[in-house]
Amino acid sequence: MSAPKRSAAANELRDWRVWAMVAVAVVVLVRAALLRVGWWAALAVLPVAGVVFAIVAIRLLRRPAAASGFPAEATRALAAHLPDGGRPPRVLDARQNGEVWEVEWRLHDRRSGQALLKKTRDLEHELGAALELHHDKHRLRMRAGTAEIPDVVTFEEFYRHPAPDGELVVGIGMSRWGAVWADLVKLPHLLIGGTTQFGKSVMVSQMLTRLALTYGPEHLKLALVDFKRVELSAFEGLPHVTPPDGQAASIAVAKDIEAYLELLKVLSESLDERRLRFDLARVKNIQDWNRRPELGGRLPYVLLVIDELAEVSVEEAGNPEEKRQRQEALALLARMARLGRAFGFHIIAATQRPAVETVPGPIKSQLLARICFKVATGTESRVVLGEDNSTGAELPAHRGRGIWQWSLPAVFQGPLLTDPEPLLAGLKRPAVLAVESEEEVA
Ligand SMILES: Nc1ncnc2c1ncn2[C@@H]1O[C@H](COP(=O)(O)OP(=O)(O)OP(=O)(O)O)[C@@H](O)[C@H]1O
Ligand SMILES: [Mg+2]
C-alpha cells in the first residue's frame, strides 16, 4: 500500500511553517550566544528549545488537511444526521490512500456517536461509498471506500492489479475498496450462494483458472465435482487434476454420485495419511511440514470444488442405496471441512438453493467465508450471509454482482471469464489434448 496522502495545500502549509520554526530556533540560539550569556548557557537552552520545537512540529505535522472534497462532504452528511441537527463535527484528521479515505472528527456531543453509527447504511447511500464507522467518546473515525464498482470487469483487467502475497491467492472482484483478494489457505472454506445465472460458476472458473495459471501441480491439486458435466469441463486434463504418481491417484472430475463418494474416500484416506505423518513428525500443519523438506518432501494443497451442493444433497436420493451413498459422502465432506485445513484440504462449494437441506448445519458451520450473489428471498440471504443479513436479496439484478463476506464485507463485481479453455490450453498434457482431438474427429 502506498503511504497516506494529504492535500497539496496542507503539505505546503506544513512545510513553510516547519522551516520558519527552524529559522526562529536558530536565530534565538545565535542571539543568546551573541548576547554573551556564554556557550554553556546557550547549550542549556538547546534541549529546552529542542523539546519546544518537537512539540510544535508534531502538532503541525498532525494538523489535518483543510476539510474539502470527501471529508467536507462527509462532515455535512454527518451533521445532517446529528440528533439535534446541530453543529457539524470538527475534522481532526483526514488521509487518502488510493480510493480509501480515513477521516477522524471530534463530536461536540459524545452521545451523538452512537446515533451516527446507526445511520451507517444511510450515510453509505448519501456518500456513494462503503463505510466503516467507529466511535470512542468524542471521537468518530470513518474508513470510506470511494471507488466506483464497474458494471463489468474482465478476467484480464482484474488480474492486472498487483496481487497480495499468499499461498493460494485468488481475486474476488472490484469493490468500493478497490480490488478484493482472498488467500484460500487462510479461509476456513468458502460457500457461494446465488440464484441461477448470476455468476457462481463463472466465479469458480475464474478462481480455478487463476490458480492453475499461478501455481504448479506440485503446489495445488484440484478435486472437482460437476454433475452437470459442463461447468468445470474446461479443467479436465490439467496436470493439477490428473495427479502425479503416488498422490491420491484417483483425484479427478466426479460426474455422478458414485464417483463423488469414491473421490471423498480417496481424499479422506489422503487426509488420514497426512495426519499420521504429521503426528509422527510432531508437525502442526501443512505450512510447518512444507518448511521442513527433510521430513519427506513438500505436500500439495488439495482444493475440493463442488459446483452445485444441491446435486450431492441427501434429499436428491432416488432410492435407498443412493441415499446411503449420499449420507456417507456428506459425513466425509463434513469431516474434511472440520479437519482438513491444517492438512492442506480446502473446500469451495456453490449452490443456487441456499437452504438447510442443501447446506446442512455441519457443512455451513465450517464453510465460513461466503460469497452471495443475488438471491430471491431474505431467508436465502440469511442462509448464505448469516442471521440478520438479508442484503443478498437487496442486490441489484446484475450478473456477477455479489457480496463478499470475510474480514471486510464488501459488494463486488466478479472477474468475468467466459471461456477458460484458451488460457489453460498451454498447461494441458499433449496426450490429453491428442485424445480430445481424436474424439472431435470421430
Ligand atoms: N462476473 C460476471 N460479470 C459479468 N457477467 C457475468 C459474470 N458472471 C456471470 N455472468 C453472466 O452470467 C451468466 C451465468 O453465469 P453462471 O453460469 O456463473 O451462473 P450460475 O450462477 O452458475 O448459474 P447456475 O446456478 O444456473 O449454474 C454467464 O454466462 C455470464 O454471461
Ligand atoms: Mg453454475
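A residue is called buried here when its relative accessible area is under 20%, exposed when that value is over 50%, and partly exposed in between. With those cut-offs in mind, the tour of this predicted model can begin at the metal.

Select the magnesium ion (ligand 2) and display its surroundings: its protein donors are S201, through OG, and E231, through OE, and they lie 2.0 to 2.6 Å from the ion. Now colour by secondary structure and follow each donor back to its element; S201 sits in helix 7 (residues 200-214), while E231 belongs to the loop between strand 9 (220-225) and strand 10 (253-254), so the pair ties together parts that are 30 residues apart in sequence.

Staying with these two residues, switch on the surface. S201 has 13% relative accessibility and therefore counts as buried, whereas E231, at 26%, counts as partly exposed.

Next, select R282, which is found in the loop between helix 8 (257-281) and helix 9 (286-291). Its backbone deserves a look, for the phi of R282 is near 55 degrees, a positive value in a residue other than glycine. On the surface display, R282 counts as exposed, with 76% relative accessibility.

The last stop is D388, in the loop between helix 12 (378-385) and helix 13 (391-394). Here again the backbone is the point to inspect, since D388 is not a glycine and yet has a positive phi of about 75 degrees. Its relative accessibility is 74%, and D388 therefore counts as exposed.

Notes. Residues are numbered from 1 along each chain as its sequence is written. Chains are lettered from A and ligands numbered from 1 in the order in which they are written. This is a predicted model: local features need pLDDT of at least 70, side-chain atom pairs count only at pLDDT 80 or more; totals for chains, interfaces and linings use all residues. Side-chain values use heavy atoms; hydrogens and water are left out. Donors are N, O and S atoms within 2.8 Å of the metal (3.2 Å for Na, K and Ca); water is not among the atoms, so sites may look incomplete. Helices (H or I, at least four residues) and strands (E, at least two) are DSSP runs, numbered from the N terminus. Buried means under 20% relative accessible area, exposed over 50%, partly exposed in between (1.4 Å probe, protein chains only).
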